Amino acid sequence: MPENPARSRPRRDIGRYVNDALRDRYFAACDAVYAMGAPARFETDVETSFGTTHVYRYGPTDPADESRTPVVLIHGSGGCSAQWYPNTPGLSARRPVYALDTPGDPGRSVHREPMWQPERAAQWLDEALDALGLDRVHLVGSSYGGWLTLNMAHRRPGRLASVTLLDPGGLEKVGLRFFTWIFVSLFATFAPKALRPRLAAWLEQPVLVVPELRAWVRAGVRAFRIRRPAPLPLTEDELRSIRTPLYLVMGRRSLLVHPKRQLERVPRLVAGARAEIVADTGHGPAIDHPRLLNAKMLNFMDDVDSLVPTPDA
């Protein structure tokens, strides 16, 4: 019986690789970036209603820290967990760290069902954490991963010890200035080598001057097709509903959010929230200033954990 064309046609709501050859080239570029960070202790795959989620497990350095509340990292759109290469050494020195490849983005997860809708996105993350046996975590999200993290804090906060948002989505509608920056930055990866340092400084894009990052980004754009709309921001009432300890970090020259506006707005809406602006960076504070951000995030998590009563208390 001939194959039904409708069944063989790729679904328009599922992220996919263009072909196996480009996927394998992308994986090789990812591995070169992973090699610049901490070595993963192991990798695993967990099943959810939306596909298979690939997970990298790091640290901690001291076995005595295995019992500490773990950190879970959620990367930005168009990338994978390789994004966290500057941060895994510092974070995993103190705590267990799990980095998840989001289904629907280029990575080693396998996307089978759409999950861009807010409730589905929260369900995916809750199921992934459950499959990993994680009942309490410090959740950290960057950019689109920040929206996933913020959405989780609103819809399914039960597993969350804290949330850290790094120049996140979910606070404002994504504007033309951000999409223009993304397009110009991608175009700049094709610039002559002599021009790349100047363009990197102007665009605040380290991918232009780090060969492994440049190869990784270009390979991902060629290999993978993202099939989801930009997420809508949470309403003020939704933000007011959040009770999880929250830490917001924004780059002074962010093009995704208006930092000064959110510096006032988020602590006003989310009880007890911390918010700060980091100088000399735009959309990538954790990449541009990893030691500073690692220390700030760990201090925040330590403060949160110190408020949890011990069994003997």
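How do H2 and H8 run relative to each other, roughly parallel or roughly antiparallel? Keep that in mind as you open the viewer, and remember that you're looking at a predicted model.

**Stop 1: H2 and H8**

Select residues 20-34, which form helix H2, and then add helix H8, residues 211-223. Two packed helices are described by the angle between their axes and the distance between the axes. Here the axes come within 9 Å and cross at roughly 155°. The cut-off for roughly antiparallel is an angle over 145 degrees, so H2 and H8 are roughly antiparallel to each other. Turn the view until one helix sits in front of the other: H2 passes H8 in a left-handed crossing.

Now show side chains. On the H2 side, pick out Leu22, Arg23, Arg25, Tyr26, Ala29, Cys30, Ala32 and Val33. They meet Glu212, Leu213, Ala215, Trp216, Ala219, Gly220, Arg222 and Ala223 of H8. Colour this contact by class and you'll get 11 nonpolar residues, one polar and four charged.

**Stop 2: H4 and H5**

Next, select helix H4 (residues 118-131) together with helix H5 (residues 144-155). What angle do H4 and H5 pack at? The angle is about 90°, and their axes are 9 Å apart. That makes H4 roughly perpendicular to H5. To see who touches whom, show Pro118, Glu119, Ala121, Ala122, Trp124, Leu125, Asp126 and Leu129 on H4, then Trp147, Leu148, Asn151, Met152 and Arg155 on H5. By class, this contact has nine nonpolar, one polar and three charged residues.

While you're here, look at the loop between strand S7 (137-142) and H5, where you'll find Ser143. Its phi is near 55°, a positive value in a residue other than glycine. What makes that worth a click? Most residues other than glycine have a negative phi, and most peptide bonds are trans.

**Stop 3: a cis peptide bond**

Time for the peptide bond. Zoom to Gly59 and Pro60: the bond joining them is cis, with omega about 0°. Pro60 sits in the loop between strand S3 (51-58) and strand S4 (71-74).

**Stop 4: the pockets**

Switch on a surface now. Rolling a probe the size of a water molecule over the atoms shows where empty space is left.

Which residues lie nearest the centre of the largest pocket? Select Gly76, Ser77, Gly78, Gly79 and Ile182 to find them. This pocket has a volume of about 1400 Å³, and 47 residues line it. Helix H6 (176-188), helix H8 (211-223), strand S9 (224-225) and helix H11 (285-288) are the elements that give two or more residues to the lining. H6 provides the largest share, seven residues. Sorted by class, the lining has 28 nonpolar, 15 polar and four charged residues.

For the second largest pocket, centre the view on Ile14, Gly15, Arg16, Val110 and His111, which lie nearest its centre. Its volume is about 240 Å³, with 17 residues in the lining. The elements giving two or more residues here are strand S1 (16-17) and strand S6 (110-111). The lining has seven nonpolar, five polar and five charged residues.

**Stop 5: the closed spaces**

Last, clip into the protein. How many cavities of 30 Å³ or more are there? The count comes to two.

The largest cavity holds about 60 Å³ of space. Select Asp13, Pro103, Gly104, His111, Met115, Trp116, Tyr144, Arg227 and Arg228 to see its lining. By class, that lining has four nonpolar, two polar and three charged residues. Two names should ring a bell: His111 also lies nearest the centre of the second largest pocket, along with others, and residue 144 is where H5 begins.

The second largest cavity holds about 30 Å³. Around it, show Tyr34, Gly37, Ala38, Tyr58, Ser81, Ala82, Trp84, Tyr85 and Thr88. This lining divides into six nonpolar, three polar and no charged residues. Residue 34 takes you back to the end of H2, and residue 58 closes strand S3, so the tour loops round to earlier stops.

How values were computed
Residues numbered from 1 in each chain as written. Predicted model: local features only at pLDDT ≥ 70, side-chain atom pairs only at ≥ 80, totals over all residues. Heavy atoms only, no water. Axes fitted to C-alpha atoms, helices over the stretch in contact; angles between N-to-C directions. Helix = DSSP H or I, 4+ residues; strand = E, 2+ residues; numbered from the N terminus. Parallel < 35°, antiparallel > 145°, perpendicular 65-115°, else oblique. Contact = heavy atoms within 4.5 Å. Nonpolar A, V, L, I, M, F, W, Y, C, P; charged D, E, K, R; others polar. 1 Å grid on protein atoms, 1.4 Å probe; cavity = no way out; pocket = protein on both sides within 12 Å on 5 of 7 lines; lining within 4 Å. Points joined across faces, edges and corners; volume = space filled by probe spheres on them. Left-handed = near helix turned anticlockwise from the far one by under 90°.
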